[in-house]
Amino acid sequence: QQNREKLALVLQHSLGGDDELFHVALYDWLINAGEVDRLLEIRSLYLEDLKRGAVSGDGNVGIMDLLWKYYEKTGDFAAAAQILCKLAERRGRDYDLQHRIEYLSRAVVSAKSSNVRTGASAEGEFLHELEEKLEVAHIQMQILQALQHLGQSVPHDAFLCLNEELMDFSKLYEEYADRFNLSECTLAILHSAGYNDPPLIENVWRDIINKELDKSKGSDSGSRMESLRTKIAQLGKLHFQSERHFPLPFLLRFLEETSCQLNWNPAWIFTMFRRVGASISSLYAIYDRLFKSKDPCWQSYGKPLHVLDVIYLLLNDFAADWTQVEPYERRSFLNLCLDAATTYLIELQSMPTSDPKVRQLIANYDSLQRRLQRMT
């Protein structure tokens, strides 16, 4: 009790001064020492000025950094979130982009705590706004890291600007992703912004795939397939749920053309997409449309029966394990496969049987048809 009285006297005497650094150090010490109650008892005009400056964003960084902790300790999570957001958005070189992301992340936590306690609609809107800013900031970090990977070819000012402020999608796209041809960052921006431009999105994916193929030039086909599979699986985790930004029909066709030209394993593409999350039935529908389009490109690649070859492998995979299809869909998909096998057999039987590939596929589809019939 005597010690606390002495502490109160020291505080009373100390708060009479106008040394800003001393006040900041004192408040910081009180918070860290668990003496928040003491801080709450302080009726200093100087402290009130600090609070107003922090909320407006005009305060000293050190003071703002102190006050969000003060508000969190006292349970005023809304005020803490506001100050943390101001810190994240404050322009300058006081701290880097990673620090800004940390401020925004902490602001989201505080805003969630405030929303849970009050349920106010305005606070819910502010939380949503913070989460969107954090999402953009993460893409800004992705761009920064991509530029660091490019190294010497990037002007030093680009790194400085990305650290000095939080940017919006327009600026990130125009001044960085598009300017430095950062395809994966462009895709992330288009997805997060909900931008729908199929030709642009397809061009971005084409660029991503071609870059990956260029990187693996000189390697054996197995290594190149694995490299491309890893890249698409990685991006699939981020974008597969958005049909606009993971355009499966385009990707499947483009990769099949690439695989056909490079003479790769005909099963690797649909196997990869199955792992990403595509269903057998959705993949079959795309392959069937490819076959029915009768595109002459397969002839130009020297593999006119390529699509029929892949369809056989896909349907054979289903016949080997029909549990890959949801129970409610199995029977209907089985009947669809039976009809398809019959259709493809008729098509193949109309072709010259002098071609060994035609004879092989006739035998394959005949065997598949009998196998499917036994499953009915």
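Angles under 35 degrees between helix axes count as roughly parallel, a cut-off that comes in handy for the second view below.

**Figure 1. An overview of the predicted model, built from helices.** Welcome to the whole protein, shown here as a predicted model. Its secondary structure amounts to 20 helices and 0 strands. Of the 376 residues in the protein, 44% are buried. The surface left exposed comes to about 19,700 Å², and carbon and sulfur atoms supply 49% of that area. If you look at contacts between residues at least 6 apart in sequence, 61% of them join residues at least 24 apart.

**Figure 2. Helices α12 and α14 packed against each other.** Two packed helices are described by the angle between their axes and the distance between the axes. Here the partners are helix α12 (residues 198-215) and helix α14 (residues 248-262), with an angle of about 30° and axes 11 Å apart. With that angle under the cut-off, α12 and α14 are therefore roughly parallel to each other. Their crossing is right-handed. To find the contact in your viewer, pick out Glu202, Trp205, Arg206, Ile209, Asn210 and Leu213 on the α12 side. They meet Phe250, Leu251, Phe254, Leu255, Thr258 and Leu262 of α14.

**Figure 3. Helices α5 and α6, a pair running in roughly antiparallel directions.** Helix α5 covers residues 61-73 and helix α6 covers residues 77-89. Their axes come within 8 Å and cross at roughly 155°. Angles over 145 degrees count as roughly antiparallel, so that is the description that fits α5 and α6. The crossing of this pair is left-handed. On the α5 side, the contact is made by Val61, Met64, Asp65, Leu67, Trp68, Tyr71 and Glu72. On the α6 side, look for Phe77, Ala79, Ala80, Ile83, Leu84, Lys86 and Leu87.

**Figure 4. Two nonpolar cores, with a look at Tyr365.** In soluble globular proteins, nonpolar side chains tend to be buried together. The largest nonpolar core in this model has 64 residues. Which residues have the most contacts inside the largest nonpolar core? They are Trp205, Phe273, Tyr287, Ile311 and Tyr365. Apart from this core lies another, of 48 residues, among them Ala81, Leu97, Leu134 and Ile143. Back in the largest core, Tyr365 is a good residue to centre on: beyond residues up to four places away in sequence, Tyr365 touches Leu308, Ile311, Tyr312, Ala341, Tyr344, Leu345 and Leu348.

**Figure 5. Cys337 in helix α19.** Helix α19 spans residues 327-349 and includes Cys337. Is Cys337 buried or exposed? Its relative accessibility is 0%, so Cys337 counts as buried. Setting aside neighbours within four places in sequence, Cys337 is in contact with Leu315, Phe318 and Leu372. Asn316 is 21 residues from Cys337 in sequence, and their C-alpha atoms are 9.7 Å apart in space.

**Figure 6. Arg229 and His239, two buried residues of helix α13.** Both Arg229 and His239 belong to helix α13, which runs over residues 221-239. Arg229 has a relative accessible area of 17% and is therefore buried. Residues up to four places away in sequence aside, Arg229 touches Trp268, Met272 and Arg275. From Arg229 to Arg275 the separation is 46 residues in sequence and 9.9 Å in space, C-alpha to C-alpha. His239 is buried too, with a relative accessible area of 4%. Which residues does His239 touch, not counting residues up to four places away in sequence? They are Leu187, Ala188, His191, His245 and Phe246.

**Figure 7. Asn181 and Lys294, loop residues with a positive phi.** Most residues other than glycine have a negative phi. Asn181 is not a glycine, yet its phi is positive, at about 55°. Look for Asn181 in the loop between α10 (169-177) and α11 (183-192). Asn181 has a relative accessible area of 43%, so it is partly exposed. Lys294 also has a positive phi, near 50°. Lys294 sits in the loop between α16 (280-293) and α17 (297-300). At 48% relative accessibility, this lysine counts as partly exposed.

Definitions and conventions. Residues numbered from 1 in each chain as written. Predicted model: local features only at pLDDT ≥ 70, side-chain atom pairs only at ≥ 80, totals over all residues. Heavy atoms only, no water. Helix = DSSP H or I, 4+ residues; strand = E, 2+ residues; numbered from the N terminus. Buried < 20%, exposed > 50% of the residue type's maximum accessible area, 1.4 Å probe, protein only. Contact = heavy atoms within 4.5 Å. Core = buried A, V, L, I, M, F, W, Y, C linked by side-chain atoms within 4.5 Å. Areas by Shrake-Rupley, 256 points an atom, 1.4 Å probe, with all protein chains shown as cover. Axes fitted to C-alpha atoms, helices over the stretch in contact; angles between N-to-C directions. Parallel < 35°, antiparallel > 145°, perpendicular 65-115°, else oblique. Left-handed = near helix turned anticlockwise from the far one by under 90°.
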